[in-house]
8 protein chains.
Amino acid sequence: MEPNKLKELLQQVKTGGCSVEQAMERLKILPFEDLGFARLDHHRHLRQGFPEVIFCEGKSIPQIEKIVSCILAMGCDLLATRCVPEVYQAVYKLDSRAVYNELGRTITIKQETRPKTGGQILVISAGTSDIPVAEEAVTTADVLGSQVERLYDVGVAGIHRLLGQESKLSGARVIVVVAGMEGALASVVGGLVDKPLIAVPTSVGYGSSFNGLAALLTMLNSCAAGVGVVNIDNGFGAGCLAHKINKLGEPDEVGV
Amino acid sequence: MEPNKLKELLQQVKTGGCSVEQAMERLKILPFEDLGFARLDHHRHLRQGFPEVIFCEGKSIPQIEKIVSCILAMGCDLLATRCVPEVYQAVYKLDSRAVYNELGRTITIKQETRPKTGGQILVISAGTSDIPVAEEAVTTADVLGSQVERLYDVGVAGIHRLLGQESKLSGARVIVVVAGMEGALASVVGGLVDKPLIAVPTSVGYGSSFNGLAALLTMLNSCAAGVGVVNIDNGFGAGCLAHKINKLGEPDEVGV
Amino acid sequence: MEPNKLKELLQQVKTGGCSVEQAMERLKILPFEDLGFARLDHHRHLRQGFPEVIFCEGKSIPQIEKIVSCILAMGCDLLATRCVPEVYQAVYKLDSRAVYNELGRTITIKQETRPKTGGQILVISAGTSDIPVAEEAVTTADVLGSQVERLYDVGVAGIHRLLGQESKLSGARVIVVVAGMEGALASVVGGLVDKPLIAVPTSVGYGSSFNGLAALLTMLNSCAAGVGVVNIDNGFGAGCLAHKINKLGEPDEVGV
Amino acid sequence: MEPNKLKELLQQVKTGGCSVEQAMERLKILPFEDLGFARLDHHRHLRQGFPEVIFCEGKSIPQIEKIVSCILAMGCDLLATRCVPEVYQAVYKLDSRAVYNELGRTITIKQETRPKTGGQILVISAGTSDIPVAEEAVTTADVLGSQVERLYDVGVAGIHRLLGQESKLSGARVIVVVAGMEGALASVVGGLVDKPLIAVPTSVGYGSSFNGLAALLTMLNSCAAGVGVVNIDNGFGAGCLAHKINKLGEPDEVGV
Amino acid sequence: MEPNKLKELLQQVKTGGCSVEQAMERLKILPFEDLGFARLDHHRHLRQGFPEVIFCEGKSIPQIEKIVSCILAMGCDLLATRCVPEVYQAVYKLDSRAVYNELGRTITIKQETRPKTGGQILVISAGTSDIPVAEEAVTTADVLGSQVERLYDVGVAGIHRLLGQESKLSGARVIVVVAGMEGALASVVGGLVDKPLIAVPTSVGYGSSFNGLAALLTMLNSCAAGVGVVNIDNGFGAGCLAHKINKLGEPDEVGV
Amino acid sequence: MEPNKLKELLQQVKTGGCSVEQAMERLKILPFEDLGFARLDHHRHLRQGFPEVIFCEGKSIPQIEKIVSCILAMGCDLLATRCVPEVYQAVYKLDSRAVYNELGRTITIKQETRPKTGGQILVISAGTSDIPVAEEAVTTADVLGSQVERLYDVGVAGIHRLLGQESKLSGARVIVVVAGMEGALASVVGGLVDKPLIAVPTSVGYGSSFNGLAALLTMLNSCAAGVGVVNIDNGFGAGCLAHKINKLGEPDEVGV
Amino acid sequence: MEPNKLKELLQQVKTGGCSVEQAMERLKILPFEDLGFARLDHHRHLRQGFPEVIFCEGKSIPQIEKIVSCILAMGCDLLATRCVPEVYQAVYKLDSRAVYNELGRTITIKQETRPKTGGQILVISAGTSDIPVAEEAVTTADVLGSQVERLYDVGVAGIHRLLGQESKLSGARVIVVVAGMEGALASVVGGLVDKPLIAVPTSVGYGSSFNGLAALLTMLNSCAAGVGVVNIDNGFGAGCLAHKINKLGEPDEVGV
Amino acid sequence: MEPNKLKELLQQVKTGGCSVEQAMERLKILPFEDLGFARLDHHRHLRQGFPEVIFCEGKSIPQIEKIVSCILAMGCDLLATRCVPEVYQAVYKLDSRAVYNELGRTITIKQETRPKTGGQILVISAGTSDIPVAEEAVTTADVLGSQVERLYDVGVAGIHRLLGQESKLSGARVIVVVAGMEGALASVVGGLVDKPLIAVPTSVGYGSSFNGLAALLTMLNSCAAGVGVVNIDNGFGAGCLAHKINKLGEPDEVGV
């Protein structure tokens with residue numbers, strides 16, 4: 001509920017336009033819409049600056065269609081993650097502006113005008129197999145309004161590949177490091193730069209990687225200070241956090 | 001090695017002031033100092049904006065004294081974490097400017113002039129027992145140059161305690177949430193605000209909290225998007241990351 | 001063995017209608033029926049107030065049919081959980097009164113008259129994907145005789161969705177909270193109300209949710225007092241416990 | 001904030017006794033008191049029916065004294081858990097009415113008049129070493145107002161010890177089972193009775209009991225339906241939940 | 001190598017029928033046969049009283065056929081475990097005497113004459129879903145020569161089902177308890193009888209049963225003394241150990 | 001309750017010496033004695049062939065004295081495990097016949113006449129540090145009436161130490177293998193002999209031995225068939241099970 | 001970057017053939033090639049003595065084809081691991097010299113001349129099911145240039161199978177032990193020989209083997225000194241390390 | 001038993017100097033000495049090239065003195081690990097040649113002449129706190145006869161500290177990397193050099209380092225090929241394996 005609405009309500013109480021009992025009831029009502037299986041959180045758009053993002057894994061196509069339609073009807077931007085091609089086909093039928101990032105498994109539709117940030121997010125991946133998670137982070141940050149740069153396949157087994165990219169490292173405002181297996185890349189990058197760094201462990205690996213646990217623990221225990229870690233394979237969360245940080249550096253955000 | 005030094009070296013090669021072989025050797029030498037048991041990383045000051053921080057747990061007092069003396073001699077600021085009172089007494093003897101945060105177990109000595117940030121970091125703790133970790137975050141961010149505000153003991157079991165603090169939440173640029181037991185506070189705060197949020201699980205709890213594992217998993221799986229997690233009880237890491245993010249919002253950083 | 005039957009037996013011994021040896025043998029015999037692969041526990045109906053519930057996962061359709069037939073023949077109510085559509089088709093052929101809750105994957109057939117409770121159980125779910133488990137709890141409590149209310153998709157990432165539902169919270173006698181991912185909803189609800197609360201972690205999530213472990217640990221470590229936790233995805237157990245508690249508040253149970 | 005207070009406030013707005021701006025501010029203020037290190041949650045007394053309970057492990061004696069004094073000053077009942085004898089001595093100095101349950105490590109001071117429930121909670125323990133946790137549950141339920149009965153040392157290795165106690169089992173409204181090692185007692189009791197059952201795993205055991213993990217898993221996987229589990233060694237939580245359930249069966253609660 | 005063979009060899013050395021060097025070589029040669037992918041351990045028959053048992057999971061049908069043929073050619077009894085129907089069809093083609101226990105997934109062919117033991121092994125299972133593992137134990141003990149009795153579906157949720165079976169319990173020499181979920185049955189049976197008891201956890205369960213881990217820990221922590229535990233789902237190992245124990249009670253074994 | 005007592009009771013009912021109601025009450029009473037904190041299980045002596053064994057870890061000396069006195073008064077044999085020297089001194093004061101096995105931390109007092117078994121149990125330990133657990137097994141089996149032989153410090157790192165002991169291996173009826181670190185000794189012994197084998201993992205080791213978990217898993221996964229595993233450091237349980245098995249081979253047990 | 005290239009560059013700076021700025025830029029450029037999804041690490045060939053090895057699991061066939069073509073074009077040897085038959089068919093179409101080790105799931109193409117080592121690596125496997133991992137180690141070491149000998153199916157359950165192979169053990173310079181289930185073979189071999197030993201746990205097993213965790217822990221805790229462990233199922237890593245060690249013993253490596 | 005001894009024995013049999021029965025007995029006797037609590041493995045000296053090493057943790061000082069005396073009497077070199085100062089004092093009294101490495105907690109006494117290797121082992125540690133484990137590796141390799149070089153405190157958070165040490169890296173034949181926290185150093189070093197690399201995780205760290213588990217998993221999942229891992233904190237094992245590998249490069253070992 002926006003402050004203005006609350007002020008207006010209280011003034012109606014004052015002027016008698018609304019009884020005390022009515023006011024009490026209305027104070028409890030919040031703007032969300034009931035789809036039966038999911039309360040779409042319109043309020044979130046005001047509160048968080050972006051409508052709900054659809055995590056498609058485990059949702060049926062009809063469920064996804066219903067949520068997509070509802071978001072589109074509100075005139076909001078759309079971001080759906082973990083989308084298999086069938087989901088894309090269904091969304092494309094609803095709106096042919098739908099863009100599918102096949103590697104990152106995301107679908108986006110832009111309806112709102114968002115100014116692009118001046119500052120840049122650099123998304124680094126350790127290996128080829130980590131790219132889907134990296135691309136999810138890229139698309140997320142991009143749709144939210146950030147400029148994003150990629151630096152892929154620079155794992156620590158060949159550290160010179162990373163060391164040759166110092167201009168990319170120094171040109172970014174925030175860095176996202178995506179790595180599976182032992183996840184050591186986050187520590188190495190964290191030791192090279194003095195920027196906010198978000199580490200994303202991936203489930204890439206086998207045996208004692210335990211589906212990403214090894215990389216997760218590595219990143220949490222990083223000897224480089226100032227590394228924030230998100231869940232295994234959570235490219236979306238990393239992109240989201242990176243954008244929030246990146247936005248802080250924009251001139252119109254200064255002084256907030 | 002600073003770019004200027006490198007440029008100078010290459011120019012000496014050009015002018016013959018330095019032979020090719022000498023240049024090759026010098027290109028490999030980096031500025032750190034050998035204390036026998038620890039290579040103090042002076043270079044870090046240039047690279048990361050702050051000298052090495054001393055993690056005192058597991059170090060002997062003579063070892064700590066040696067590192068402290070070395071940092072002080074360089075004219076740098078000092079931050080030592082996990083300090084028992086005996087460590088404070090030893091450091092105080094070396095330099096009576098030493099300030100001890102007993103709750104947060106930190107020692108600080110300021111020798112450098114750092115401008116205070118305009119933006120604010122808000123450090124929130126769930127329970128009384130989480131305060132030591134929260135204070136470690138507070139001192140860290142403070143010594144690095146950030147303005148810091150505290151909001152303690154607002155755990156989710158009495159959620160109204162948090163809901164009454166919206167002005168504090170909205171006044172901060174970055175938020176650090178420190179919580180043990182089930183660690184749910186991070187998700188609740190993350191759902192209320194649209195800011196970069198750093199979550200610190202603590203080892204507070206018993207039984208199936210497994211020394212902080214429960215809170216750690218809660219935070220990593222947070223349904224609120226954009227939460228970066230650090231290691232269990234790692235107040236230092238959180239303060240460090242929060243400061244890096246906070247600094248981005250300062251006017252003189254804009255456009256970087 | 002019912003008390004009356006035991007009394008009768010001992011009286012037969014007294015009057016010589018039954019020899020001591022026969023009595024010794026009969027004291028050991030209990031009323032269950034051998035289906036070859038499963039001893040159907042008729043005695044349970046007397047002891048626990050409901051016949052055996054069929055957990056269908058891992059049972060073949062012929063096995064299920066045999067147990068269903070046996071329960072129906074006894075005139076008991078039927079509850080089967082974790083039923084795929086094929087199971088429903090098989091049960092429907094046996095008895096067309098069979099009701100399938102597709103979301104909750106349950107089948108029910110009512111043959112007994114059970115008075116509906118006056119008090120209400122409120123089943124709350126955090127996200128859309130938690131609904132199957134919530135529905136299993138709903139159907140279980142309903143078939144056992146409780147009035148049940150639903151409140152779905154009110155996860156803590158948008159806590160205002162929950163805060164607007166205080167009348168539902170205050171109108172219930174027992175509350176069941178179903179949540180996956182980080183499972184923080186149980187703590188938040190537990191902090192808002194003074195009612196018995198049953199928490200059901202679900203396997204919804206990915207990465208470090210470790211198939212529900214994160215939510216389970218969160219709920220066990222809840223800082224809200226008085227939360228009872230059941231197994232991951234165990235909607236049936238929650239519905240069952242909620243009904244037992246709800247029944248205590250019925251006028252005819254008072255004084256037990 | 002109580003409904004009456006809210007009504008009154010809105011009526012003041014209506015009558016002009018309070019400006020809109022003042023009302024907005026007051027709507028955000030909630031009744032808790034700042035002790036510096038802990039916000040004592042007075043509001044909780046209204047919301048949850050009991051003031052905050054003090055978990056003494058990890059708190060210093062001065063911290064405990066401060067909270068105790070505050071609770072006593074409010075005229076509330078006091079319950080402190082995990083108290084070593086030194087804590088008792090300190091509390092006794094503040095108020096000689098303090099009662100110490102040495103086995104259960106609890107301190108209680110009764111200042112309020114609470115009617116005793118008619119219904120009974122039965123607390124069952126498996127072994128001698130589980131008694132401290134059982135006693136914590138007993139004291140908690142007792143101070144909250146429940147009648148409590150004990151049945152100790154009836155572990156499943158000698159199941160006849162339990163089977164001889166059917167009258168105790170049938171006389172209770174709610175049952176709490178406290179067991180370490182393999183924790184099988186909860187399943188056995190759950191199979192014998194049709195009552196709400198709360199299971200408390202304890203850290204009693206060695207080797208692969210992994211400090212209570214074995215008992216915890218046993219109880220969560222109980223084949224008896226309707227078992228609610230609390231954290232390892234959490235006698236307080238079990239007593240609290242048992243009391244909430246027991247209260248439902250009281251005549252004056254019926255129809256709620 | 002049998003003692004007689006060694007004696008003979010040394011005597012040949014004494015008499016010059018074998019040179020020292022030849023003896024040294026022969027002392028190193030042991031009787032096994034190379035199938036390329038598996039050294040069939042004929043020696044085992046002498047040492048362990050039974051030829052190698054074929055664990056079929058993860059072996060191809062041609063591999064299984066090769067091993068079966070080799071065992072049959074030696075005139076030994078055959079036991080194959082974890083056999084899908086396709087394996088049975090292949091073995092049946094090799095030898096139509098093959099007997100398939102579909103529930104227990106075992107194949108047996110008897111070629112040797114083994115006297116049946118007088119004593120009995122009792123195999124108890126908790127639930128219907130535990131029967132496959134129980135049957136693997138039954139077939140294993142049977143083919144090795146033990147008399148075996150079954151007692152199925154007597155889990156602790158309805159403990160009277162077990163208590164009515166005291167004659168079966170007292171008539172056995174060794175007891176095998178097979179249980180999944182919380183695995184409490186082993187402790188209950190262990191408390192009722194004074195016999196060697198072998199506990200087999202099964203992977204039956206869901207959620208926090210963690211594929212049998214819960215039952216395994218329960219059994220290892222059993223408060224009943226004298227319970228030996230085997231791997232999760234290891235009916236074969238239990239049958240094997242039970243037979244070795246059972247054999248000790250046979251008159252012709254006495255005095256060994 | 002002994003069969004004779006039951007028969008007598010039923011005959012009293014028949015002859016009118018006992019009313020039906022009295023019989024019903026008496027059928028529920030079982031012979032145990034209430035010590036306040038522990039129900040001493042006299043019945044156990046009849047059922048299990050040995051009175052309760054006292055696990056001293058976590059019990060206070062007055063508690064232990066009370067239980068010891070009670071067992072001695074009954075004329076039973078005494079076995080107490082995990083006894084520190086202070087416990088021994090206390091028990092010695094109660095009865096100077098008390099024998100302390102300092103290595104194995106056990107106290108025994110023999111009051112009953114038990115025939116020694118003809119067959120032998122062989123207790124094997126891998127390393128010096130495993131001896132306390134091995135000695136607990138030795139004392140347990142000895143006090144129960146078994147002949148016991150020791151074979152210590154024959155770990156697999158020097159496998160020839162074991163291979164030279166074949167006569168000891170072949171002379172035993174049951175074998176107990178006690179090993180920490182990687183616990184491989186159980187598999188090696190299991191491959192050499194065809195006897196019932198009980199494996200006891202110990203908590204000896206460091207790092208990834210995780211307090212005995214490594215040895216426990218090794219033993220549960222042993223490729224040698226017929227190995228029964230007990231809890232980490234559970235020498236008592238192993239001695240108990242070994243004795244039950246050993247007893248089966250005694251001439252007077254044959255045919256049971 | 002090779003030393004010669006660096007020297008040349010600096011000399012160009014000296015002679016003015018390259019400006020300081022140009023030199024600074026070129027010092028950052030390293031020789032790798034951008035395939036879009038993978039930076040092929042040519043530099044690795046110089047640094048590590050072998051081009052990148054392709055881990056095919058999780059890569060699409062077009063991705064694999066692209067990398068294979070690139071390696072072949074450079075004239076390097078090819079090693080691809082975890083190859084299903086479809087991958088082999090695709091690679092075979094690119095180059096008919098491709099050799100498929102079906103058991104070990106590897107593809108190799110030799111284009112370079114590598115001298116075979118004089119010393120031998122012995123690869124030992126415990127069971128039939130461990131052979132795929134053993135073969136991966138064999139192929140890896142072979143393609144890198146080592147002589148390799150196999151000794152399969154000599155698990156500790158029949159330890160005589162191993163003891164008869166002393167000449168093979170003593171003839172090798174390095175030993176690789178591959179074992180699943182309890183993994184005890186590594187300790188036994190490590191106790192028999194004084195050679196560098198590499199242990200490879202496999203995921204062979206079930207239940208509490210936890211996909212290789214049991215074998216991994218066994219090997220890490222081996223009481224035999226000097227065992228280096230690699231990841232579960234990592235035959236490639238073992239072959240690679242074994243070759244590096246083996247090469248040290250070659251005459252032309254001596255004195256390095 | 002040495003080959004010569006065996007040959008001699010068989011010749012005695014041939015010539016009648018030893019009966020067949022005597023030979024059979026002597027073939028089973030192996031050279032170890034019984035200290036009561038520990039069979040000192042003299043045979044090991046022949047088989048493994050070094051006498052038994054004493055792991056002092058968990059052994060009493062009298063036990064250690066007894067083993068030390070025995071080793072000294074045999075004229076062997078002594079290596080004891082995990083020695084607190086009290087152990088050193090006791091050993092020093094037995095032999096004043098004892099050398100104590102206080103950091104590495106080792107005691108050594110050299111009695112044998114071992115040629116020093118020409119090749120060098122480089123022991124690298126990540127942080128100051130990892131030095132004790134690194135020193136254990138250094139002393140172990142040194143006493144076995146290897147030349148050892150140290151490179152300490154070069155963790156990846158300041159990767160330039162490592163990159164400046166290429167001559168040390170390239171001058172070594174084998175590298176040991178010792179690292180706690182996230183353990184990433186092993187991967188980075190492994191990517192820089194083409195040498196056998198042994199990784200030692202340490203228990204240095206806190207929170208989710210889980211006493212070294214994080215570093216262990218990192219090293220096992222290293223993306224650098226050819227890394228052999230030893231147990232957490234196992235400096236001894238690493239030194240031992242490094243020496244075995246280093247020895248292979250010595251001229252007199254070539255051709256083995």
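Reader: Which domains does the domain assignment of chain A give?
Author: The assignment, automatic or from a database, gives domain 1 (3–109) and domain 2 (120–247) in chain A. This is a predicted model, in which local features need pLDDT of at least 70, side-chain atom pairs count only at pLDDT 80 or more, and totals for chains, interfaces and linings use all residues. Residues are numbered from 1 along each chain as its sequence is written, chains are lettered from A and ligands numbered from 1 in the order in which they are written, and side-chain values use heavy atoms, with hydrogens and water left out.

Reader: How many residues does the contact take from domain 1 of chain A and from domain 2 of chain A?
Author: Domain 1 of chain A gives 14 residues and domain 2 of chain A gives eleven, where contact means heavy atoms within 4.5 Å.

Reader: What is the count of salt bridges between domain 1 and domain 2 of chain A?
Author: The count is one salt bridge, meaning a side-chain nitrogen of Lys or Arg within 4 Å of a carboxyl oxygen of Asp or Glu. The side chains of A:Arg82 and A:Glu136 meet in a salt bridge, at 3.5 Å from N to O.

Reader: Changing topic, how can chain D be laid on chain C?
Author: A turn of 180° and a shift of 0.0 Å along the axis lay chain D on chain C with an RMSD of 0.1 Å, superposed by least squares on the C-alpha atoms of residues with pLDDT of at least 70 in both. The two copies are thus related as by a two-fold rotation axis.

Reader: And why do the copies meet through the same surface?
Author: Because 97% of the interface residues of chain D are also interface residues in chain C.
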